[in-house]
Amino acid sequence: MTTGPDTHAAPERADDPITLVDAEQITPPPWPQKAALQAVLSRTRQLLGRRRKPFMDDDRLRRPAWLDEVIQQRSPVCTPALNALTRLLNDSNEPDLRLIMLPPCDDNALLDTWAARHGLDCLAPPEHGALLADEDVSVTLPEGDGVLVIPDLGGWFLRHHHGLRHVRALLAQLGKGARACIIGCNSWTWAFLCKAVQIDLILPAPLTFSPLEEMALRRWFADEMPETAPIDRRFRLSDSGRDLLALDERGRPDHDYFRQLAARSLGIPWVAWHLWQRSLRERIDPDEDDRDTLWVVALEEISLPGDGQTEFLLILHALLIHGALPGETLSQVLPDMAPGPLLQALESNGYIARHNGWFYCQPGAYPAIRRGLEAAGFPMDLYG
Amino acid sequence: MSESAEQGAQLVRDLQNIDFVEIALILVGTWLAIMVVRHTLPWLAERGPSQTRLILMGAVPVFRLLALIVAIVWITPLVIRVTLENFLVIAGAASVAIGFAFKDYVSSLIAGVVALFEKPWRPGDWVTVGDHYGEVQSVGMRALTLRTLHDDIITVPLLKLWDSNIVNANDGARTLMCVVDFYLHPDHDTAQMPQALKDVALTSAWLGYDRPVAVFVEQTRVGTHYELRAYPFEMRDQGPFRSDMTLRGKAAIRALGGMEISAPAAAG
């Protein structure tokens, strides 16, 4: 890879929490045995139509009002992931074209952020309205010496019979090898584009971030929490009262919360962050001692509304493939159906959210969404 | 005692030695087990992951056969003195009864057993038997039931196995090929049309990614015939998948200036 104007050069170290690895080799963090059994039990209960009593019913805890606002906001930018990209940029053995398969539900436009920090040229996708316009399509790569970043291929196509022209034209240009490029797309986009335009022939062997494991997740949380909590807070597990971030004498957490979180989030940092945010509570009648304490309750098994009706799943699948879509475009990438009421149901249940009229899947709901899609037999992504 | 009476006494145990309660319990237990499995497994198959659906549904007839074999093997020595001579006597008597009275029923039973091994149909498969196409809902002792795309239930005797062609669209797989035909006026852009129709399938929300999409073109007497072949990710969605490809295929044809014409059959 051609080196850009980087001043943050850092060689890869054994203790780097995130590295870039072959996307085909990705394996999610393992479940702790007890948590895995609980998850199976919970899913069996759902199958039999019996719902476990939710932890929210605990009358001593409540969800802090300010958290609802925080959840709508983005997770902190994942610095270990940015560092991994920087190491890639500085690797002189890298090929000129490299695709980074991002884990889904990235709410920080990671490649955009990284490219901006390094002053790299970015190629923006075409105007959304142009994707289906009845015009000739031509794509030109901007001239320049440094690495060109194409942050998100999800903006270059629509899953519509007339919506693949731009991405095909882009891939044709990339195939000419005129300029070194780092191209980003999420794992669902990648799966779709492999089928629709055979992107894997032009951009083989994509790299992706290694899943964030228990210790790396804890460390990232410990680094980021002071930045995001509104005041100085303590985080304690509601089932044991243990400090969430405390370590035992071996330097490991004395609970398996982070191991569960890593497994449940598939090792995706922003998904883990949002799952954690969803599990925060505060006491209704706090003592002096725990006035600044936030209680971390057990991670909930959540399932899709309406027992995963196909229409819900079709919407969620389309949103994952495109990253985000405006409501009016959504109906163009779906079969003959009216998505309006379904979108409202998904939004009110916290599975999707809306920003400036664009819908996207909530990172905190992603594990449930993925499980629902897998159970219904939808084509799956590689990350998980 | 006469010789034939002695033979009869040797063939069947003395009435006072036959434990009718045990036999009744075995029969009721077997029937209950079959009923539970027959209702539970399809119920679980409908609600569980789609990957396990065919396995669960296919297990029902296998379980029933095993349960019946166990029950027969269990009951037979309770009623009959099991010797080679007795077996031959019973087989002879059974042959006469079957030959005259229960020929079709037994033939269906045997067809059901043969079908378990030859697998021309399995619960969950999409098959055509005679003029009927549908999903195999259940395979009974005498007949199977098909649910058609129009939601009709059709009962097909298993006897059909002996003298009918059975067309199995998925043959145990979780998907099946869907074909959509378009007949176009020959004057159109043949350079772009195949790719445009292929894109119709490639961008369908129902498409399965692990099977190929293909477009075949042939010139027929009445026009250019395009055949679009693709696989949905779940075969039960074949109706919506075909419908989606048809609607969007028509739009793609119009966008390229193509004009559909009547199918050959309609054109006479």
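So, transmembrane regions: for chain B, the unreviewed UniProt entry lists residues 20-41, 53-75 and 87-117 under that heading. Keep in mind that what we're looking at is a predicted model.

Let's take two of those spans and see what the model does with them. Residues 53-75 of chain B come out as 100% helix and 0% strand, and the C-alpha atoms at the two ends sit 34 Å apart. Then there's 87-117 of chain B, where the end C-alpha atoms are 26 Å apart, with 94% helix and 0% strand.

Okay, staying in chain B, have a look at Arg64(B). You'll find Arg64(B) in helix H3, which covers residues 53-79 of chain B. Is Arg64(B) buried or exposed? It counts as buried, because 21 other C-beta atoms lie within 10 Å and the cut-off for buried is 20 or more. As for sequence versus space, Arg64(B) and Thr30(B) are 34 residues apart along the chain, yet their C-alpha atoms are 8.8 Å from each other.

Now, how do the chains meet? On the chain B side, 23 residues are in contact, and they touch 21 residues of chain A. Which elements of chain B give two or more residues to that side? Those are helix H7, residues 193-202, and helix H8, residues 238-255. The biggest giver is H8(B), with 6 residues. If you're thinking about the chemistry of that side of chain B, the split is 12 nonpolar, 5 polar and 6 charged residues.

Over to chain A. The domain assignment there gives domain 1 as 33-76 plus 212-296, domain 2 as 95-209, and domain 3 as 305-375. Between domain 1 and domain 2 of chain A, the contact uses 5 residues from each. On the domain 1 side of that contact, the classes are 3 nonpolar, 1 polar and 1 charged.

Last stop, some strands in chain A. Strand E10, residues 293-296, pairs with strand E8, residues 234-237, in the parallel sense over 4 bridges. E10(A) also pairs with strand E9, residues 280-283 of chain A, and that pairing is antiparallel, over 2 bridges. Which residue of E10(A) is the bridge partner of Leu237(A)? That's Val296(A). And Leu280(A) also has Val296(A) as its bridge partner in E10(A). So if you want one residue to click on in the viewer, try Val296(A), with Leu237(A) and Leu280(A) as its bridge partners.

Terms used: Residues are numbered from 1 along each chain as its sequence is written. Chains are lettered from A and ligands numbered from 1 in the order in which they are written. This is a predicted model: local features need pLDDT of at least 70, side-chain atom pairs count only at pLDDT 80 or more; totals for chains, interfaces and linings use all residues. Two residues are in contact if their C-beta atoms, placed from the backbone, lie within 7 Å. Ala, Val, Leu, Ile, Met, Phe, Trp, Tyr, Cys and Pro count as nonpolar, Asp, Glu, Lys and Arg as charged, and the others, Gly among them, as polar. Domain bounds come from an automatic or database domain assignment. A residue is buried if 20 or more other C-beta atoms lie within 10 Å of its own, exposed if 12 or fewer, and partly exposed in between; C-beta atoms are placed from the backbone. Two strands pair if DSSP finds at least two bridges between them. UniProt positions are given in the numbering used here, feature names are shortened, and annotations may be inferred rather than shown by experiment.
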